[in-house]
Amino acid sequence: MPPQPPEPQVRRNMLKFLKSFLGIVRILQILFGAGLWVTIAANKYEGSIHFVLFVAVLFWLLTLALFFVTLLDKQDLVPLLGGERWLSTNLAHDVAAAALYLPAIGIMIYKTDRNSYCNLEQYKHLCLYKVYLTAAVFACLSCLAYFLSLFYGACRKCRGEQTVI
């Protein structure tokens, strides 16, 4: 028996979420987070960069989970965190992400500055300056996306709304 197509109401809810401010911001968070951790993981890294990679991968996975649970409108199935608490759960996620992305940005800026000497055409050895600069930009964009989501969710919470969409 072939699988049944989604009901029109489910499809409308999905499109409504994808076109909403939060849906667009979540997609940006996923893209920027993936850009950050792929940039770091594809190159040689050491020391404090491990923390940046941890933050990027952790919140990329958590954001993917939040995105798909909200997209499929299955918040009520999440024990302890779903239902009426879903907006608060999203806010807590965004606060934690923004708070941990700030030191990650600091680390990336520090590493970029420390490697700025090798950004010369005559320099022949392995230079991670451009990698660190790219990662710093992705970290800043990710943090900005989490702050946007945080402020949007906080405004909705202050108005007394309970739903994410």
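The largest cavity in this predicted model encloses about 50 Å³ of space. A cavity here is a set of points, on a 1 Å grid over the protein atoms alone, where a 1.4 Å probe fits but cannot get out. The volume is the space filled by probe spheres set on those points, which are joined across faces, edges and corners. Rolling a probe the size of a water molecule over the atoms shows where empty space is left. With a lower limit of 30 Å³, the structure holds 1 cavity.

Which residues are the closest to the centre of the largest cavity? They are L22, L87, N90, S149 and G153, out of 11 residues that line it. A lining residue has an atom within 4 Å of a point. Helices α2 (21–41), α4 (86–114) and α5 (129–158) each give two or more residues to this lining. By type, the lining divides into 5 nonpolar, 3 polar and 3 charged residues. In this division Ala, Val, Leu, Ile, Met, Phe, Trp, Tyr, Cys and Pro count as nonpolar, Asp, Glu, Lys and Arg as charged, and the others, Gly among them, as polar.

Some ground rules apply to the values in this text. Residues are numbered from 1 along each chain as its sequence is written, and side-chain values use heavy atoms, with hydrogens and water left out. Because the model is predicted, local features need pLDDT of at least 70 and side-chain atom pairs count only at pLDDT 80 or more, while totals for chains, interfaces and linings use all residues.

Now consider the whole chain. The protein has 5 helices and 0 strands, and its pattern along the sequence is α-α-α-α-α. Helices (H or I, at least four residues) and strands (E, at least two) are DSSP runs, numbered from the N terminus. Along the principal axes, the C-alpha atoms fill a box of roughly 60 × 45 × 25 Å. Of the 165 residues in the protein, 39% are buried. Buried means under 20% relative accessible area, exposed means over 50%, and partly exposed lies in between, with a 1.4 Å probe and protein chains only.

The UniProt record, an unreviewed entry, places the feature "transmembrane region" at residues 20–39, 51–71, 91–110 and 131–152. Such annotations may be inferred rather than shown by experiment. Residues 51–71 are 100% helix and 0% strand in the model, with 30 Å between the end C-alpha atoms. Residues 91–110 are also 100% helix and 0% strand, and there the end C-alpha atoms lie 29 Å apart.

Contacts between side chains come next. Side chains of opposite charge can pair when their charged atoms come close. A salt bridge is a side-chain nitrogen of Lys or Arg within 4 Å of a carboxyl oxygen of Asp or Glu, and the whole structure has 4 of them. One joins R26 to D94, with the closest N and O atoms 2.9 Å apart. R26 lies in helix α2 and D94 in helix α4, so this pair ties together parts that are 68 residues apart in sequence. Are these two residues buried or exposed? R26 counts as buried because its relative accessibility is 1%, and D94 counts as buried at 1% as well.

Another salt bridge joins R156 and E161, at 2.6 Å from N to O. E161 also forms a salt bridge with R159, where the closest N and O atoms are 3.3 Å apart. R156, R159 and E161 are thus linked in a network. R156 is buried at 7% relative accessible area, E161 is partly exposed at 27%, and R159 is exposed at 55%.

The structure also holds 7 aromatic pairs. Rings of Phe, Tyr and Trp (its six-membered ring) pair if their centres lie within 6.5 Å; planes under 30 degrees apart count as stacked, over 60 as edge-to-face and the rest as tilted. F17 and F67 form a tilted pair, 5.5 Å from centre to centre with 50 degrees between the planes. This pair links helix α1 (residues 8–19), which holds F17, to helix α3 (residues 49–71), which holds F67, across 50 residues. Both F17 and F67 are buried. W37 and W60 form an edge-to-face pair, at 5.4 Å and 65 degrees. W37 is in helix α2 and W60 in helix α3, 23 residues apart. W37 counts as partly exposed because its relative accessibility is 24%. Ring pairs also link F17, F67 and F68 into a cluster.

Key
1 Å grid on protein atoms, 1.4 Å probe; cavity = no way out; pocket = protein on both sides within 12 Å on 5 of 7 lines; lining within 4 Å.
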